[in-house]
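Please look through the model below before reading on. The notes that follow take up one helix pair, the core and a single residue.

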Amino acid sequence: MANPSPYRTLPAATRVELVTYAAKSSREMRELYVQRLVARGGGFRAVALRAWPVDRLAREVVRTNA
């Protein structure tokens, strides 16, 4: 098995905080996270994800490992 990245070794709560910070500080990062979730499938539409609060979006990004 390959060595996990430093990001993957962090606890989930810390990863959520990092993703939340990135999405709040940059509109481009938020759009990137939305596009990653849409590309993974699972019934998410980009319009719906853009309407989500940043913390909910961050939790979903971490949960799905997007």
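1. How are α2 and α5 oriented to each other: roughly parallel, roughly antiparallel, roughly perpendicular or oblique? The two helices are oblique, because their angle of about 130° falls outside the ranges under 35 degrees, over 145 and 65 to 115. Their axes, lines fitted to C-alpha atoms over the stretch in contact, lie 8 Å apart.

2. This is a predicted model, where local features need pLDDT of at least 70, side-chain atom pairs count only at pLDDT 80 or more, and totals for chains, interfaces and linings use all residues. Residues are numbered from 1 along each chain, and side-chain values use heavy atoms, without hydrogens and water.

3. On the α2 side of the contact (heavy atoms within 4.5 Å), the residues include Val-16, Val-19 and Ala-23. Among those they meet in α5 are Val-54, Ala-58 and Val-61. By class, this contact has 8 nonpolar, 1 polar and 4 charged residues.

4. The largest nonpolar core, a set of buried nonpolar residues (under 20% relative accessible area) joined through side-chain atoms within 4.5 Å, has 16 residues. Val-19, Tyr-33, Val-34, Leu-37, Leu-49, Leu-57 and Val-61 touch the most other members. Helix α5 gives the largest share, 5 residues.

5. Beyond its neighbours within four places in sequence, Leu-49 is in contact with Arg-30, Val-34, Leu-37, Val-38, Phe-44 and Leu-57.

6. Asn-65, in the segment after α5, has a positive phi of about 55° although it is not a glycine. Asn-65 is partly exposed (between 20% and 50%), at 38% relative accessible area.

Definitions and conventions: Buried < 20%, exposed > 50% of the residue type's maximum accessible area, 1.4 Å probe, protein only. Helix = DSSP H or I, 4+ residues; strand = E, 2+ residues; numbered from the N terminus. Axes fitted to C-alpha atoms, helices over the stretch in contact; angles between N-to-C directions. Nonpolar A, V, L, I, M, F, W, Y, C, P; charged D, E, K, R; others polar.
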